[in-house]
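Here is a short note for a colleague who is opening this structure for the first time. Please read it with the view open.

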Amino acid sequence: MTEPDKVLLTLQVNGTSHEVAVEARRTLADTLRHDLELTGTHVACEHGVCGACTVLVDGDPARSCLMFAPQAEGSDVRTVESLAGDDGTMSDLQCAFSANHGLQCGFCTPGFLMLAEGFLAEHPDADREEIREVVSSNLCRCTGYQTIVDSIQDCAERRRDAKETSA
Amino acid sequence: MKPPPFTYHRARDVAGAADLVAELGEDAKFLAGGQSLIPMMNFRLARPEHLIDIGGLRELSFVDAGPEALRVGSLTTHRTVETADLGTGFDVVREAMRWIGHLPIRTRGTVGGSLAHADATAEWCLLAVLLDAEIVVAGAGGRRRTIAAGDAFLGFYTTLLADDELIVEVVFGRPAPHAAVTEFAERKGDFAVVSAAVDLDVGSGAVAGGRVALGGVGPAVVRVPEAERVLQAGGRACRDLFEACADAAAQAVDPPADGDAGTEYRRALVRNLVIRACEEAVAR
């Protein structure tokens, strides 16, 4: 059996440029995990239903299991590893998930964090109903979702308060 | 699962993409947003030997809201349409977007991909059929032609497109100020069990005609002439008229029974959803 053809790609992930040679069928999720060793992005259903693999592609939440790696070339990809500071300080969104018990086992959390990160950037004024609507795209088998919605709402409110105070 | 291997090609322009697919033959597929094709490949239900990635063809990503017509490029994402200014009389198009999957699907999935995939409950197929849209396609050798949406969808995931053709844009030729789309699905974001869309001709509180389209009642999206005749006969825009229209629609269709729903259940959904769509449409 011959070695499958590989494609040489330059991927922009979390502000860093990476060169990888992968099979074209390699999903973005698997490329992030296996080739770039960014294992914060989790993989569960592999057909776009669960949202565990959600990352930001040019700022928009996207399922990284429903993208082949070559499709990400030329785009700016952000994973959960981009949220915390270089010294490991958690972002306000991560702190809100911690404070509101927005996770239990934590497997789905990277997907929810990136979904919320992308959504709140575009909709800083989102209300609880809008947050519920967006969160319906991802599955969590522990929390029952209420605390995830609480976490995202808390983060949004804190950001709004901070903006008001500084204005 | 993991998708089967394929050879990846990146298209540089529309003409090149069409020529390449003609050269590679029927084992080649276009890859747009991939939100239908990649799940099918991950399930190994689809095993194309070649994928021609047209995602980089920026000239196919546009929304052109003119006074008479709305033109949407085939690589425009659902999310772009959802947040775009579509001009007067096309609110129904924007509002239909929220029924498509979830936000992270809508950021990648495309108008042309959805039309070409031709799921029997696809919102873009429903809109195109309801509003008599025209689908502009490009083929090998620089060939172009326009397909009326009413002729485009032949059956299960089957369209009038030839193997070497790709959709370049969809044109909605007339505003539809009193139109609405509604659906029922088991869970938020799921494929609809049944979807219904109406486009009413309304003047001074009376209905003087209209169009009715349904998804999920057969192999492809359909118009329902029996229900449209009720609207054509006209009358005051009230619940009685909408119920008569919905009854006609429910009697006209012979929906399939499958794991999601039985025939009679789907028929009941048709009735309820047509009434709901009429009420939403007339309230605009």
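The points below go from chain A to its contacts, then to chain B.

1. **Ground rules.** This is a predicted model: local features need pLDDT of at least 70, side-chain atom pairs count only at pLDDT 80 or more, and totals for chains, interfaces and linings use all residues. Residues are numbered from 1 along each chain as its sequence is written, while chains are lettered from A and ligands numbered from 1 in the order in which they are written.

2. **Chain A, overall.** Chain A has five helices and five strands. Here helices (H or I, at least four residues) and strands (E, at least two) are DSSP runs, numbered from the N terminus. Their order from the N terminus is β-β-α-β-β-β-α-α-α-α. The C-alpha atoms fill a box of roughly 60 × 35 × 25 Å along the principal axes. The radius of gyration of chain A is 17 Å, which agrees with the value near 15 Å for a compact globule of 167 residues. That radius is taken over C-alpha atoms, and the globule rule is 2.2 Å times the number of residues to the power 0.38.

3. **Burial and contacts in chain A.** Of the 167 residues in chain A, 47% are buried. A residue is buried if 20 or more other C-beta atoms, placed from the backbone, lie within 10 Å of its own, exposed if 12 or fewer, and partly exposed in between. Among contacts in chain A with a separation of 6 or more, 58% join residues 24 or more positions apart. Contact means that the C-beta atoms, placed from the backbone, lie within 7 Å.

4. **Two domains in chain A.** The assignment gives domain 1 (6-82) and domain 2 (92-166). Such bounds come from an automatic or database domain assignment. The C-alpha centres of these domains of chain A lie 22 Å apart. Each domain puts 14 residues into the contact. On the domain 1 side, strand E3 (54-57) and strand E4 (60-63) of chain A each supply at least two residues. The largest share there, three residues, comes from E3(A).

5. **Chain A against chain B.** Which chain A elements give two or more residues to the side that touches chain B? They are E4 and helix H3 (109-122) of chain A. E4(A) gives the most, with four residues. In total, 24 residues from chain A meet 25 residues from chain B.

6. **Domains of chain B.** Chain B is divided into domain 1 (7-52), domain 2 (60-172) and domain 3 (179-283). The C-alpha centres of domain 2 and domain 3 of chain B lie 21 Å apart. The contact pairs 23 residues of domain 2 of chain B with 19 residues of domain 3 of chain B. On the domain 2 side, helix H4 (91-96), helix H7 (123-130) and strand E8 (153-155) of chain B each supply at least two residues. H7(B) gives the most, with six residues.

7. **Helix H9 of chain B.** Helix H9 (residues 225-233) of chain B has these buried residues: Ala227(B), Glu228(B), Val230(B) and Leu231(B). They fall within an arc of 150° seen down the axis of H9(B), so they line one face of the helix. The arc is that of the directions from the helix axis to the C-beta atoms. The buried residues of H9(B) pack against strand E12 (194-203), strand E13 (206-215), helix H10 (239-252) and helix H11 (263-283) of chain B. Just after H9(B), Gly234(B) has a positive phi of about 80°.

Conventions: Contact = placed C-beta atoms within 7 Å.
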